[in-house]
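Me: I would like to go through this model in short questions. Please show it first.

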Amino acid sequence: MPATIEDPLGFVLVDVARLLRRRFERALENAGLGLTVAEARTLAFVSRRPGLRQSTLADELCVEPMTLVGFLDRLENAGLVERIPDPADRRAKLIRLTPSATNMVRRIRAIGKSVREDAERGIDPDVVETMRLTLLRMQDNILTAPELVP
């Protein structure tokens, strides 16, 4: 059941995020890229932050390190990412895109843009920007708030 006007903001946010994810999954499937949402998200994230350590990437994506290993194995087998030794720590691996990933990332971004445009249809662009900035402020508030101890 979708969120309603009576629901609190947190519930609405989670529901909208769920619906956006589902719509993005369908759009990816329809595009025939052969990627899961998690793999596409990994590629998009690495394109914005190339050369992250694999462990840092797992933290940033909020996934378990072993889960990320599976994504990276599939992306590496597809020739889209490479794991290179970290010069500062030979045990650690840095993740970067291969040149062949450029077109795939472009297509993922285009799909994401289309999904966002559909979701924002009929909403004043200034309102969308205010909402984006407000959510970023909420994110910062959550990240900088002291932990609650029961």
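The questions below go from the whole chain to single residues.

Me: What kind of model is this, and which pLDDT do side-chain atom pairs need?
Reply: Residues are numbered from 1 along each chain as its sequence is written, and side-chain values use heavy atoms, with hydrogens and water left out. This is a predicted model: totals for chains, interfaces and linings use all residues, local features need pLDDT of at least 70, and side-chain atom pairs count only at pLDDT 80 or more.

Me: Which pattern do the helices and strands follow along the sequence?
Reply: Helices (H or I, at least four residues) and strands (E, at least two) are DSSP runs, numbered from the N terminus. The chain has six helices and three strands. Read along the sequence, the pattern is α-α-β-α-α-β-β-α-α.

Me: What percentage of the residues of the chain count as buried?
Reply: The C-alpha atoms fill a box of roughly 50 × 45 × 30 Å along the principal axes. Buried means under 20% relative accessible area, exposed over 50%, partly exposed in between (1.4 Å probe, protein chains only). Of the 150 residues, the buried share is 27%.

Me: How much of the exposed area of the chain do carbon and sulfur atoms supply?
Reply: Accessible areas come from the Shrake-Rupley method with a 1.4 Å probe; for residues, only the protein chains shown count as cover. The chain exposes about 10700 Å². The part from carbon and sulfur atoms is 57%.

Me: How far apart are the mean positions of the positive and negative charges?
Reply: Lys and Arg count as positive, Asp and Glu as negative; His and the chain ends are not counted. Each charge is placed at NZ of Lys, CZ of Arg, CG of Asp or CD of Glu. For the 23 positive and 22 negative charges, the mean positions are separated by 6 Å.

Me: Which strands stand at the edges of the sheet, and why is one side of each left without a neighbour?
Reply: Two strands pair if DSSP finds at least two bridges between them. The three strands form an open, antiparallel sheet in the order 1-3-2. Each edge strand has a single partner strand, so one side lacks a neighbour in the sheet; these are strand 1 (52-53) and strand 2.

Me: Which residue is the bridge partner of arginine 53?
Reply: Strand 1 and strand 3 run antiparallel and are joined by two bridges. In strand 3, the partner of arginine 53 is leucine 94.

Me: Which residue stands opposite glutamate 82?
Reply: Strand 2 (residues 81-86) pairs with strand 3 (residues 89-97) in the antiparallel sense, over six bridges. The two form a hairpin with two residues between them. Opposite glutamate 82, in strand 3, stands arginine 96.

Me: Which backbone nitrogen lies 2.9 Å from a polar atom of the side chain of aspartate 15?
Reply: Aspartate 15 sits in helix 1 (residues 9-31). Its relative accessible area is 8%, so aspartate 15 is buried. Contact means heavy atoms within 4.5 Å; beyond four places in sequence, aspartate 15 touches Met1, Pro2 and Ala3. The nitrogen at 2.9 Å belongs to alanine 3.

Me: What is phi of cysteine 62 near?
Reply: Cysteine 62 lies in the loop between helix 3 (54-61) and helix 4 (65-77). Cysteine 62 counts as exposed because its relative accessibility is 70%. Most residues other than glycine have a negative phi. In cysteine 62 phi is positive, near 60 degrees.

Me: Is valine 128 buried or exposed?
Reply: Valine 128 has its place in helix 6. Leaving aside neighbours within four places in sequence, valine 128 is in contact with Glu120 and Ile123. The relative accessible area of valine 128 is 14%, so the class is buried.

Me: How far apart in space are threonine 130 and asparagine 77?
Reply: Threonine 130 lies in helix 6 (residues 125-144). Threonine 130 is partly exposed, at 48% relative accessible area. Threonine 130 and asparagine 77 are 53 residues apart in sequence; C-alpha to C-alpha, the distance is 41 Å.

Methods:
A polar contact is a pair of N or O atoms within 3.5 Å; within protein, one must be able to donate a hydrogen and the other to accept it, and residues adjacent in sequence count only if both atoms are side-chain atoms.
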